[in-house]
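Colleague: I would like a close look at a single part of this protein, the six-stranded sheet and what packs around it. Please take it strand by strand and then move outward.

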Amino acid sequence: MSGEPVLLTEDRDGVRTLTLNRPGRKNAIDAELWRALADALREVAGDRSVRAVVIAGAGGAFCSGADISVPDNTHPIYRMRALTDVAVLLHEVPQPTVAKVAGVAVGAGWNLALGCDLVVATPESTFAQIFARRGLSLDLGGSWLLPRLVGLQQAKRLALLAETIDARQARELGLVTWVVPAEEIDEFVTDLGGRLADGPPVALAQTKALLNGGADATLREALAAEARAQGINFATADVPEAFAAFAERREPQYTGRWTVRRPPLRASDESENGR
């Protein structure tokens, strides 16, 4: 492992896969990996060639949480800032995100998965909000994510008891989107990523933002946000392409291209701009 990057990046057909690469520590996230994740998510957000993102772990585990094995005298407020950056970036990145969870997803590692839009696990996957067993409280957005996903009572159960649950239980609670056999997860996530990458990028980004914000909005606020989003969608080439593909009985080819033309400058405008 010496000299290998702690985060592997692979691009394939519009899907960027970010693989946590510390298998000897079950991909526990240290300071270097926190920085690498934040940098990678910032890059993804600004790269229009990336249409979907998969987060995975190397070596048969997803992530065993933050690495607390190495003493760190940095003030906790600075250490927590690195986690905060990753949680916010993951939440706000416009592309759909998928957590590919094989093996353990524990503590901050589980909340990293929950911060993704979709979660794919195997029957062997296990999950725990392990913080209480370490004398800690929730982090990486767990206190915000869990109540929204499972309700307050079940969130308290998972956090206060720090129980380990399996993929079936996680699926029943709505914390896993799909459970697929281990030998099929690679193919399943590849197909899922491709389906997301083939979708209309602007519309999917708008939908993701609407759903993320909807829980904290009133009905009127949500309706107003939806109306603004549709105005943006209708200004792309994807809406007429979708209508044409439907009429022609073919698959649409979405680009997210903006179709609004800027009006030509008048001579008076040109002279004023040239001053």
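Modeller: What follows starts with the sheet, goes on to its surroundings and ends with the domains.

This is a predicted model, in which local features need pLDDT of at least 70, side-chain atom pairs count only at pLDDT 80 or more, and totals for chains, interfaces and linings use all residues. Residues are numbered from 1 along each chain as its sequence is written, and side-chain values use heavy atoms, with hydrogens and water left out.

The sheet is open and its six strands follow the order 1-2-3-4-6-9, with mixed pairing. Strands here are DSSP runs of E with at least two residues, helices are runs of H or I with at least four, and both are numbered from the N terminus. Two strands pair if DSSP finds at least two bridges between them. Strand 1 (7-12) and strand 9 (178-179) each have a single partner strand, so one side of each is left without a neighbour in the sheet.

At the strand 9 edge, strand 6 (residues 118-121) pairs with strand 9 in the parallel sense over two bridges. Val 120 stands opposite Trp 178 of strand 9 there. Further in, strand 3 and strand 4 run parallel and are joined by three bridges. Ile 55 has Ala 99 of strand 4 as its bridge partner. Strand 4 is largely enclosed by the rest of the structure, because four of its five residues are buried; buried means under 20% relative accessible area, exposed over 50%, and partly exposed in between (1.4 Å probe, protein chains only).

Two helices lie across this sheet. Helix 1 (residues 31-45) crosses strand 1, strand 2 (15-20) and strand 3 (52-57), and runs at about 175° to strand 2. Helix 7 (residues 185-197) lies across strand 1, strand 2, strand 3, strand 4 (97-101), strand 6 and strand 9, at about 160° to strand 6. These angles run from 0 to 180 degrees between N-to-C directions, with axes fitted to C-alpha atoms, for helices over the stretch in contact.

The loop between helix 2 (76-92) and strand 4 holds Val 93. Val 93 is buried, with a relative accessible area of 2%. From C-alpha to C-alpha, Val 93 and Val 53 are 9.4 Å apart in space, and they are 40 residues apart in sequence. Apart from its neighbours within four places in sequence, Val 93 is in contact (heavy atoms within 4.5 Å) with Leu 41, Val 44, Ala 45 and Lys 208.

As for cysteines, the structure holds zero disulfides, a disulfide being a pair of cysteine sulfur atoms within 2.5 Å. The sulfur of Cys 63 is 11 Å from the closest cysteine sulfur, that of Cys 116, which is too far for a bond. Cys 63 counts as buried at 0% relative accessibility, and Cys 116 is buried too, at 7%.

The protein is divided into domain 1 (7-197) and domain 2 (201-248), with bounds from an automatic or database domain assignment. Their centres, taken over C-alpha atoms, are separated by 27 Å. In domain 1, 12 residues are in contact with seven residues of domain 2. About 680 Å² is buried between the two domains, and carbon and sulfur atoms give 49% of this. Buried area is the accessible area (1.4 Å probe) that two parts lose on being put together, summed over both.
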